[in-house]
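Welcome! Have a look at the structure below, and then let us walk through it together.

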Amino acid sequence: VLEKMTGEKIVGYRGPLDLLPNCALDLMKQRKYLYCSTLKDCDWAYVHEKYPIVELPTEPALDDLSYFYFSYADEATITCSYPVDYVYEFWKDNFDELANENDKIMVLKLHPQLIGRSSRIRMLEHCIAYMKANGAWITTCKNVAEYVKEFYVQKAEERGNL
């Protein structure tokens with residue numbers, strides 16, 4: 001359905017609720033996926049050791065679900081959502097910290113039904129504008145994964161491992 005709607009081949013995977021079943025990487029390899037964006041093990045992109053799949057790690061603090069999810073069916077979420085100014089400052093600070101280290105990745109996970117409110121979209125616009133003004137490369141997971149894979153292949157060739 002997604003391929004039909006977008007005209008793009010699906011090349012990546014993010015597990016629902018950030019779950020990565022034991023068979024997931026094998027299935028991604030079979031389907032010739034380029035990347036996975038499920039794990040939360042670090043803040044830089046890398047290629048999985050046994051698979052030719054790039055991992056674009058995520059972070060719960062960079063997921064709008066952590067701030068804006070609400071459901072009467074889920075008692076744990078019956079609280080007020082966070083103010084957009086708080087979320088902006090938090091994401092901005094995360095960006096600044098990662099940008100200072102030069103080799104890090106910041107994957108914002110956004111859900112249309114959550115970020116889609118006008119005040120939240122405006123906050124996201126300001127956040128993206130700030131990041132772009134401070135040197136961020138704003139792009140798709142596919143583009144980042146292609147860049148990372150090329151980087152690691154080049155490094156392996158330089159070491160004589162390919």
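**Starting from one residue**

Asp-93 is partly exposed, because its relative accessible area of 37% lies between the 20% limit for buried and the 50% limit for exposed residues. Keep in mind that you are looking at a predicted model.

Where does Asp-93 lie? You will find Asp-93 in helix α4, which covers residues 84-100. Asp-93 also has company on the surface: together with Asp-85, Glu-89 and Glu-97, this residue forms a patch of negative charge.

Now step back to the protein chain that holds this helix. In total, the protein chain contains 7 helices and 4 strands. If you follow the protein chain from the N terminus, the elements come in the order α-β-α-β-β-β-α-α-α-α-α. Along the principal axes, the C-alpha atoms of the protein chain fill a box of roughly 55 × 35 × 30 Å.

What about the inside and the outside? The protein chain has 162 residues, and 32% of them are buried. Among contacts in the protein chain with a separation of 6 or more, 46% join residues that are 24 or more positions apart. On the outside, the protein chain exposes about 10,900 Å², and 53% of that area is supplied by carbon and sulfur atoms.

Finally, let us return to charge, this time for the protein chain as a whole. How many positive and negative charges does the protein chain have? There are 19 positive and 25 negative charges, and their mean positions are 7 Å apart.

Technical notes:
Residues numbered from 1 in each chain as written. Predicted model: local features only at pLDDT ≥ 70, side-chain atom pairs only at ≥ 80, totals over all residues. Heavy atoms only, no water. Patch = residues over 30% accessible without salt bridge, like charges linked within 9 Å, V, L, I, M, F, W, Y side chains within 5 Å. Areas by Shrake-Rupley, 256 points an atom, 1.4 Å probe, with all protein chains shown as cover. Salt bridge = Lys/Arg side-chain N within 4 Å of Asp/Glu carboxyl O. Lys, Arg positive; Asp, Glu negative; His and termini not counted. Charge placed at Lys NZ, Arg CZ, Asp CG, Glu CD. Helix = DSSP H or I, 4+ residues; strand = E, 2+ residues; numbered from the N terminus. Buried < 20%, exposed > 50% of the residue type's maximum accessible area, 1.4 Å probe, protein only. Contact = heavy atoms within 4.5 Å.
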